[in-house]
Amino acid sequence: MAAEYRIFNLQLKRRIQVSPSMLRCVFTGGDVAQMKHEAPDQRIKLLLGAQDGSSTPLSVSDSWYQDYLALPKSLRPVLRTYTLRALRAEENEVDIEFVLHGENGPASRWATHAQPGDFLQIVAPNAQARQDSGGYEWAAHTGLKQVLLIADETALPAAMGILEQLATWPEPPEVQAFFEVPWQSDVQPREMPFAQIHWLARAGHHTYGDVLLAAVRKYISIPAAVRVGAQSLEDKSLSNDFLWESAPRTSAFSAWIAAESTVVKKLRHLLIGEHQLDRETVNFMAYWTRGRG
């Protein structure tokens with residue numbers, strides 16, 4: 001039985017500057033056709049330069065993680081989780097979007113300097129695996145009528161992918177979206193009549209999450225049908241930086257929330273504790289934690 005995930009050897013084909021802070025890298029590779037993309041928020045792993053700056057490519061096998069652990073720690077590639085933004089298997093192309101913040105972090109550093117022809121390994125879903133790959137939380141279904149999307153720039157590729165998927169529906173659900181980005185020039189305007197999108201720029205005057213939380217508090221609209229009264233906010237995942245709660249995928253209302261961990265915790269308290277949103281309808285995902293490269 002083929003493994004759900006495997007290593008793919010990619011080569012950068014072209015760079016597309018989506019906005020000042022967002023770079024789309026279009027990759028190609030001889031075996032991209034063996035990759036699959038099961039949801040707009042499909043998670044993948046990038047294998048970046050090791051701690052000592054060297055690069056030790058791993059062999060393409062079903063035991064990539066064991067091969068990774070077998071390397072001395074100083075030689076192991078740095079792993080970072082990203083979103084598979086788009087896959088065009090028939091064209092042997094795959095898109096990954098990077099938030100650019102200079103030399104601060106191995107992924108931004110790589111993307112800042114990468115040029116067409118540069119090599120990158122990723123771990124992505126294997127099309128030869130019959131079973132579902134997992135690695136995503138969003139799942140559209142025919143009974144979906146209302147959607148809430150909340151994201152910072154790190155989750156924007158996934159959130160925009162969700163909107164693009166819904167835009168293909170004959171009758172898309174109503175969407176309320178709140179997207180925080182670094183600068184006003186990072187706004188990505190789209191003509192989507194079914195979606196009310198609040199674009200929120202920090203513009204150098206606010207810390208992460210401030211404008212996002214303020215806008216959600218001011219403009220959020222929670223349907224009465226998914227208000228359930230008092231709920232416990234206790235959760236083991238809140239004892240550390242990691243917060244990841246997945247909701248069943250059958251409700252007519254679905255919320256998908258991904259941002260920096262502290263911001264997600266505050267949004268969780270606001271939506272569940274104050275607005276009494278049924279936690280069974282919400283995916284809360286801490287995509288990253290401030291202070292960790």
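**Figure 1. Surroundings of serine 185 in the predicted model.** Leaving aside residues up to four places away in sequence, serine 185 is in contact with Ser19 and Pro20. In this predicted model, serine 185 sits in the loop that runs between strand 9 and strand 10. Its relative accessibility is 47%, and because the buried class ends at 20% and the exposed class begins over 50%, serine 185 counts as partly exposed. Serine 185 and glutamate 174 are separated by 11 residues in sequence, and the distance between their C-alpha atoms is 26 Å.

**Figure 2. Methionine 22 and the residues that it touches.** Methionine 22 belongs to strand 2, which covers residues 22–28. With a relative accessibility of 3%, methionine 22 counts as buried. When residues up to four places away in sequence are set aside, the contacts of methionine 22 are Ile16, Gln17, Glu97, Phe98, Val99, Glu153, Leu156, Pro157, Asp186 and Gln188. Two of these partners, Leu156 and Pro157, are themselves listed among the buried residues of helix 3. Glutamate 191 lies 169 residues from methionine 22 along the chain, and the C-alpha atoms of the two residues are separated by 20 Å.

**Figure 3. Helix 3, its span and its buried residues.** Helix 3 comprises residues 156–167, and its 12 residues should span 16 Å at 1.5 Å a residue; the C-alpha atoms at its two ends are 16 Å apart, which agrees with that expectation. The helix is mostly covered, given that 9 of its 12 residues are buried. The buried residues are Leu156, Pro157, Ala158, Ala159, Met160, Gly161, Ile162, Leu163 and Leu166.

**Figure 4. Helix 4 and the elements that cover it.** Within helix 4, which takes in residues 210–219, Val211, Leu212, Leu213, Ala215 and Val216 are buried. An α-helix has 3.6 residues a turn, so residues three or four places apart point the same way. The cover over the buried residues of helix 4 includes strand 8 (146–151), strand 9 (174–181) and strand 10 (195–201), together with helix 5 (261–274).

**Figure 5. Helix 5 and the glutamine in the loop that follows.** The 14 residues of helix 5 should span 20 Å at 1.5 Å a residue, and its end C-alpha atoms lie 19 Å apart, which agrees. Ser261, Val263, Val264, Leu267, Arg268, Leu270, Leu271 and Ile272 are the buried residues of this helix. Among the elements that cover these residues are strand 8 and helix 4, as well as strand 11 (244–245), strand 12 (253–260) and strand 13. Glutamine 276 is located in the loop between helix 5 and strand 13, the latter formed by residues 282–288. Although glutamine 276 is not a glycine, its phi is positive, at about 60°. Its relative accessibility of 32% means that glutamine 276 counts as partly exposed.

**Figure 6. Asparagine 92 and its backbone angle.** Asparagine 92 lies in the loop between strand 5 (86–88) and strand 6 (93–99). Its phi is positive, at about 55°, although asparagine 92 is not a glycine. With a relative accessible area of 26%, asparagine 92 is partly exposed.

**Figure 7. Leucine 58, a buried residue in a loop.** Leucine 58 is found between strand 3 (43–48) and helix 1 (64–70), in the loop that joins them. A relative accessibility of 8% places leucine 58 in the buried class. Apart from residues up to four places away in sequence, leucine 58 touches Ile7, Leu47, Trp64, Asp67, Tyr68, Leu71 and Gln121. Proline 77 is 19 residues from leucine 58 in sequence, and the C-alpha atoms of the two are 8.8 Å apart in space.

**Figure 8. The whole protein, as a setting for the close-up views.** The secondary structure comes to 5 helices and 13 strands, and the C-alpha trace spans about 55 × 45 × 40 Å along its principal axes. For 293 residues, a compact globule would have a radius of gyration near 19 Å, and the protein has 19 Å, which agrees. Of the 293 residues, 50% count as buried. Among contacts between residues at least 6 apart in sequence, 75% join residues at least 24 apart. The protein exposes about 13600 Å², of which carbon and sulfur atoms supply 50%. There are 29 positive and 33 negative side chains, and the centres of these two sets lie 3 Å apart.

Definitions and conventions:
Residues numbered from 1 in each chain as written. Predicted model: local features only at pLDDT ≥ 70, side-chain atom pairs only at ≥ 80, totals over all residues. Heavy atoms only, no water. Helix = DSSP H or I, 4+ residues; strand = E, 2+ residues; numbered from the N terminus. Rg over C-alpha atoms; globule rule 2.2 N^0.38 Å. Buried < 20%, exposed > 50% of the residue type's maximum accessible area, 1.4 Å probe, protein only. Contact = heavy atoms within 4.5 Å. Areas by Shrake-Rupley, 256 points an atom, 1.4 Å probe, with all protein chains shown as cover. Lys, Arg positive; Asp, Glu negative; His and termini not counted. Charge placed at Lys NZ, Arg CZ, Asp CG, Glu CD. Expected span 1.5 Å × (residues − 1).
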